[in-house]
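Here is a short briefing for your next look at a protein with its ligand. Have the viewer open and follow along.

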Amino acid sequence: MGLSLRARLFIACALVALAALAAVTVLVAREQRGWLLQRHQESLERTARSLARDLPRAGGDWSETAHEWGGTVGLRVTLMAADGRVLGDSDVPVGRLPLIENHRGRPEMSEALAGRSGQAVRRSRTLGIEFLYVAVPAVDRDVAVLRVAEPLVAIASLQGSLLRLSLVAAAVALLLALAIAYWIAGRHAIRIRELEAVAAAVGRGDGGARARELPADELGRLGRAFNRMSAELRLRVDALERERDMRERIVAHLGDGVALVDRAGRVMHANQAFAALLGEPAPPAPGTPFQEFARAPELAELVRRVREGEKNPEAELRPWSAAGPRLLQATAGPLGAARGDAILLVLHDLTATEAANRVRQDFVANVSHELRTPLTSLRGYAETLLGGGLEDPEHREAFVRTIHDQAVRLEALIADLLSLAEIERPGARLRLATLDLREVVERQAASFRPRASAAGLTLHVEGGEAVPVRADRARIEQVIANLLDNALKYTERGEISVMIGGDAEHAWCEVVDTGHGIPHADQPRIFERFYRVDKARSREKGGTGLGLSIVKHIVQLHGGTVTVKSSPGQGSTFRFEIPRTH
Ligand code: ADP
C-alpha cells in the first residue's frame with residue numbers, strides 16, 4: 001500500500017522545513033564566523049595601536065616588553081624590526097628568538113611595513129597553531145611593526161557555543177514546523193477523506209450526500225463543484241429512471257408479449273403478456289435460461305436464426321392455454337447492430353383475429369345458404385310455371401303464392417341483414433330521445449293484435465305508470481317487434497303478455513308466452529346469428545334466424561342486457577333491461 005496522503009504531505013512539509021532550517025543554520029554559522037573575526041580583528045587592532053603608542057616608554061629589552069605586554073593583554077605580542085627580524089615575542093623564550101625566521105614576508109607584516117594595518121588568519125609556523133594576526137606600524141627606535149595575535153581556538157569555542165545556540169533554535173523551529181505541518185496535513189487529509197466518503201455515497205445512489213464547501217479554498221471549491229455535479233447527476237438519473245419506469249410500464253401493459261434474451265441465452269426481461277401467451281402464470285426472473293422458460297421449439301429456432309445473422313425472422317406457433325389453442329405470431333430481431341447483442345422477441349396473439357376471420361367466413365357461408373334456399377325455390381316454381389304450369393289452372397295460383405312467399409322471405413332476410421349491418425357498423429350511433437317505454441310497447445302490441453287474434457291468441461299488455469327512458473325509438477320498436485313476432489311464431493295457444501317496469505336506474509320489459517319453450521342446451525345460443533332451435537319450423541314461420549341477434553345488439557348498444565327463461569313445453573320469458581339515461 002502506498003503512503004497515505006497525510007504522511008506524504010507531512011513528509012514533504014518536514015523536508016522543506018528541514019532544508020530551509022539547514023540552509024539558514026549554515027548561512028548563520030558562516031555569518032557568525034565572519035562577524036566574530038571582524039569583531040576580534042577590530043579589538044586586536046585597538047589593542048595593537050594602544051601598545052604601539054606605549055613603545056617609546058618601554059625599556060629597550062624588546063623580548064621582555066613583548067612578554068610583559070603579552071601577559072597584560074592576554075594575547076601574543078610580536079615586535080619586529082624594519083628588516084624583518086623578530087625583536088621580541090611573548091610566546092617565544094628569549095633564547096629561541098635568533099632561531100625565528102625573518103617575518104618580513106608575512107602578509108600582515110608587509111602591510112604594516114607599508115604603513116597600513118595588516119590582518120591575516122594562519123597557522124603559525126613558529127608555534128604550530130592557528131592565529132588571527134593584526135599588525136600595525138610602530139614609529140620607534142628599533143621596532144617597525146607591532147603585531148598582536150589571538151589563537152583561533154578562543155574564537156572557535158565562542159563560535160561553537162553560538163552554533164549550538166543556533167542549532168537549538170533551529171531544532172525548536174523544526175519541531176514547531178513539524179507540528180504545524182502534521183496538523184495541516186491532517187486537516188487536509190480529513191477533508192479529502194470526507195470528499196471520498198461523499199463520492200462513495202453518491203456512487204451508491206445516496207442523493208442526499210453533500211460535500212463541505214467551506215472554507216472556500218481549493219478543497220472547498222472542489223466540494224462545491226462536486227455538489228453541483230452530484231445534483232446534476234441526480235437530475236439526470238431521475239429523468240432516466242422516470243423514462244425507464246415509463247417504458248417498463250408501457251411494456252408491462254402491452255398486449256403483445258415482449259422478451260429480451262441476452263447473448264448467453266438468458267432472459268433479461270419479459271413482460272406479463274409474454275408469460276400469459278405461453279400459458280405461464282408469471283414472467284421468468286431475469287437470468288432464467290430462455291429455453292427453460294419458453295419450451296416452444298419455434299422460439300428457440302427464431303433465436304438461433306437471429307444469431308446466425310437473419311434480420312427479422314418470423315414464425316407461427318400454436319401453444320395450448322387454459323382457454324384452448326392459441327395462434328401466436330413470433331418475431332425476433334437483434335437489439336443492437338452487433339451479432340452478440342441481446343435479442344428482442346415479440347409475441348403477437350392472432351387467436352382473436354383468426355376467430356374473427358372464421359366468424360366472417362361462417363357468416364358469408366350462412367348468408368349464402370339462407371339466400372340459396374328461397375332462390376332455389378323461386379327458380380323451381382318459376383321454371384314449373386314456364387314449363388307448362390301456367391296452363392294448370394288448378395295449381396298455378398298456389399305456385400305463384402309460393403313464389404310470392406319466398407320473395408317476402410328474401411325481403412325479410414335482406415331487411416334483417418341490413419339492420420344487422422347497420423347496428424354492427426363500427427361507430428353506429430343511436431338517435432336518443434326521451435320516450436315512454438310503456439307507450440312504445442302498447443303501440444307495437446296494437447299492431448300485432450290482429451295477427452294474434454287471427455292465430456287464436458290473446459296479446460295482453462299489463463297497465464301501469466309511464467316508464468320514461470332515454471333511447472332510440474325506432475330501434476326499441478324493432479326489439480319489441482322481434483320479441484312479439486317470435487312469441488306469436490312459436491306459440492300455438494294461450495296468451496302472450498307483456499310487462500313493463502323500472503327502478504331508479506333501469507327500465508325493463510318482459511314478453512311472456514305459453515309456447516313450446518326452448519331446450520336448456522339451446523338457450524345460450526339462440527342469440528347467435530342464424531341459430532335456430534327448429535330450422536323447419538322457423539323457415540315455415542318465415543323466420544330469418546337473425547331476429548334475436550338484432551335484439552341483443554340493439555339492447556347492448558343501449559348499454560343494457562337481454563335474458564331468456566324458458567321451460568320446454570311451458571313457454572318462454574324474454575326480458576330486456578336498459579339504463580334509463582344512456
Ligand atoms: P327466427 O327468425 O328463426 O325466429 P330468432 O333469432 O328470432 O330467429 O330466434 C332464434 C331461435 O330461437 C328461433 O329459431 C327459435 O328456435 C328460438 N326462439 C326464439 N323465440 C322463441 C320463443 N318465444 N319461443 C320458442 N323459441 C323461440
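Where does the ligand sit? In this predicted model, the ligand sits in the largest pocket. The notes below go from the residues around the ligand to its polar contacts, and then out to the domains.

**The shell around the ligand**
- The ligand is surrounded by 21 residues, and those that come nearest are Tyr490, Ser538, Thr544, Gly545 and Leu548.
- By residue type, the shell splits into nine nonpolar, eight polar and four charged residues.
- Three elements, helix H12 (473-489), helix H14 (547-557) and strand E19 (571-579), each contribute at least two residues to this shell.
- With three residues, H12 gives the most to the shell.

**Polar contacts and cover**
- Look for Asp513, where a polar side-chain atom lies 2.9 Å from a nitrogen atom of the ligand.
- The backbone takes part too: a polar backbone atom of Gly545 is 2.8 Å from an oxygen atom of the ligand.
- For Val533, the distance between a polar backbone atom and an oxygen atom of the ligand is 3.0 Å.
- On its own, the ligand has 530 Å² of accessible area, and the protein covers 97% of that.

**Domains of the chain**
- The domain assignment of the chain lists domain 1 (1-209), domain 2 (210-249), domain 3 (250-350) and domain 4 (430-581).
- If you zoom out, the centres of domain 1 and domain 4, taken over C-alpha atoms, are 136 Å apart.

Conventions. Residues are numbered from 1 along each chain as its sequence is written. This is a predicted model: local features need pLDDT of at least 70, side-chain atom pairs count only at pLDDT 80 or more; totals for chains, interfaces and linings use all residues. Side-chain values use heavy atoms; hydrogens and water are left out. A residue is near a molecule or strand if one of its heavy atoms lies within 4 Å of it. A polar contact is a pair of N or O atoms within 3.5 Å; within protein, one must be able to donate a hydrogen and the other to accept it, and residues adjacent in sequence count only if both atoms are side-chain atoms. Accessible areas come from the Shrake-Rupley method with a 1.4 Å probe; for residues, only the protein chains shown count as cover. On a 1 Å grid over the protein atoms alone, a cavity is a set of points where a 1.4 Å probe fits but cannot get out, and a pocket is an open set with protein on both sides within 12 Å along at least five of seven lines; lining residues have an atom within 4 Å of a point. A molecule sits in a cavity or pocket if more than half of its atoms lie within 2 Å of its grid points. Helices (H or I, at least four residues) and strands (E, at least two) are DSSP runs, numbered from the N terminus. Ala, Val, Leu, Ile, Met, Phe, Trp, Tyr, Cys and Pro count as nonpolar, Asp, Glu, Lys and Arg as charged, and the others, Gly among them, as polar. Domain bounds come from an automatic or database domain assignment.
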